[in-house]
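I'm starting a fresh page for this one. The plan is to look up a few spots, jot down what turns up, and see how they fit together.

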Amino acid sequence: MRHISALIIKFLMIGIVMGIVQGFWSGWPFSTILITTVLMTFVSYIVGDLWILPMSTNLTASSADLGISWIGIWVMGSLLLNAPVFVIGPFISAFVIAVGEWFFHIYVMSKILHLSPKGAPLA
């Protein structure tokens, strides 16, 4: 159940950022935003939060999430829109998501992985 709540929080965070940046600024349709948000939620949760974060630092995991989000949003947008997507919109979305991920990782470390901010197991 704890993973479900974390996925919901992550989905809402990514969805809000995507809706604002890609929806209002870039004019992406809702379906493209929704599909991209779902995919990015699962990929970045598995890779960034469950794989990279436990064996590294919050900065490393947040940086990885920046790269994953930037490339993922750019590629998914290009595929789903069937048109070239300028890299600046996905980068802005990815940067804001990475900032949110910094705080999300603190939650994941304590509530999901039961690790202290230094990576040591909580008693």
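Entry 1, Ser69. I started with Ser69, which is buried, with a relative accessible area of 2%. I keep in mind that this is a predicted model. Ser69 sits in helix α3. What does Ser69 touch, once I leave aside its neighbours within four places in sequence? I find Met40, Ala94 and Ile97 in contact with Ser69.

Entry 2, the cores. Ile97 came up again when I looked at the nonpolar cores, but I took the largest one before that. The largest nonpolar core has 12 residues, among them Leu7, Tyr45, Ala61 and Phe104. Which helices feed it? I noted that α1 (2-25), α2 (30-52), α3 (58-81) and α4 (88-112) each supply at least two of its residues. The most comes from α4, with 4 residues. Then there is a second, separate core of 11 residues, and Ile97 is in that one, along with Ile14, Val17 and Val85, among others. A general note to self: in soluble globular proteins, nonpolar side chains tend to be buried together.

Entry 3, α2 against α4. Next I checked how α2 and α4 pack. I get an angle of about 70°, with the axes 11 Å apart. An angle from 65 to 115 degrees counts as roughly perpendicular, so α2 is roughly perpendicular to α4. Who meets whom here? On the α2 side I listed Ser44, Tyr45 and Asp49, and on the α4 side Glu101, Phe104, His105, Val108 and Ile112. Sorted by class, this contact has 4 nonpolar, 2 polar and 2 charged residues. Some of these names were on my core list too: Tyr45, Phe104, Val108 and Ile112 belong to the largest nonpolar core.

Entry 4, the charged pairs. Asp49 and Glu101 made me curious, so I went looking for salt bridges. How many are there in the whole structure? I count 2. In one, the side chains of Asp49 and Lys10 meet at 2.8 Å, N to O. Asp49 lies in helix α2 and Lys10 in helix α1, so this pair ties together parts that are 39 residues apart in sequence. In the other, Lys10 meets Glu101, at 2.4 Å, N to O. That pair links distant parts of the chain as well, with Lys10 in helix α1 and Glu101 in helix α4, 91 residues apart. Put together, Lys10, Asp49 and Glu101 are linked in a network of salt bridges.

Are these residues buried or exposed? Asp49 comes out at 0% relative accessibility, so I put it down as buried. Lys10 is also at 0%, so it gets the note "buried" too. Glu101 is buried as well.

Entry 5, Leu34. I also looked at Leu34, which is in helix α2. Its relative accessibility is 36%, so I wrote it down as partly exposed. How far is Leu34 from Phe11? They are 23 residues apart in sequence, and in space I get 9.7 Å, C-alpha to C-alpha.

Entry 6, an odd backbone angle. Last stop, Asn82. It has a positive phi of about 55°, although it is not a glycine. Where does Asn82 sit? I find it in the loop between α3 and α4. With 71% relative accessibility, Asn82 counts as exposed.

Technical notes. Residues numbered from 1 in each chain as written. Predicted model: local features only at pLDDT ≥ 70, side-chain atom pairs only at ≥ 80, totals over all residues. Heavy atoms only, no water. Core = buried A, V, L, I, M, F, W, Y, C linked by side-chain atoms within 4.5 Å. Buried < 20%, exposed > 50% of the residue type's maximum accessible area, 1.4 Å probe, protein only. Axes fitted to C-alpha atoms, helices over the stretch in contact; angles between N-to-C directions. Parallel < 35°, antiparallel > 145°, perpendicular 65-115°, else oblique. Contact = heavy atoms within 4.5 Å. Nonpolar A, V, L, I, M, F, W, Y, C, P; charged D, E, K, R; others polar.
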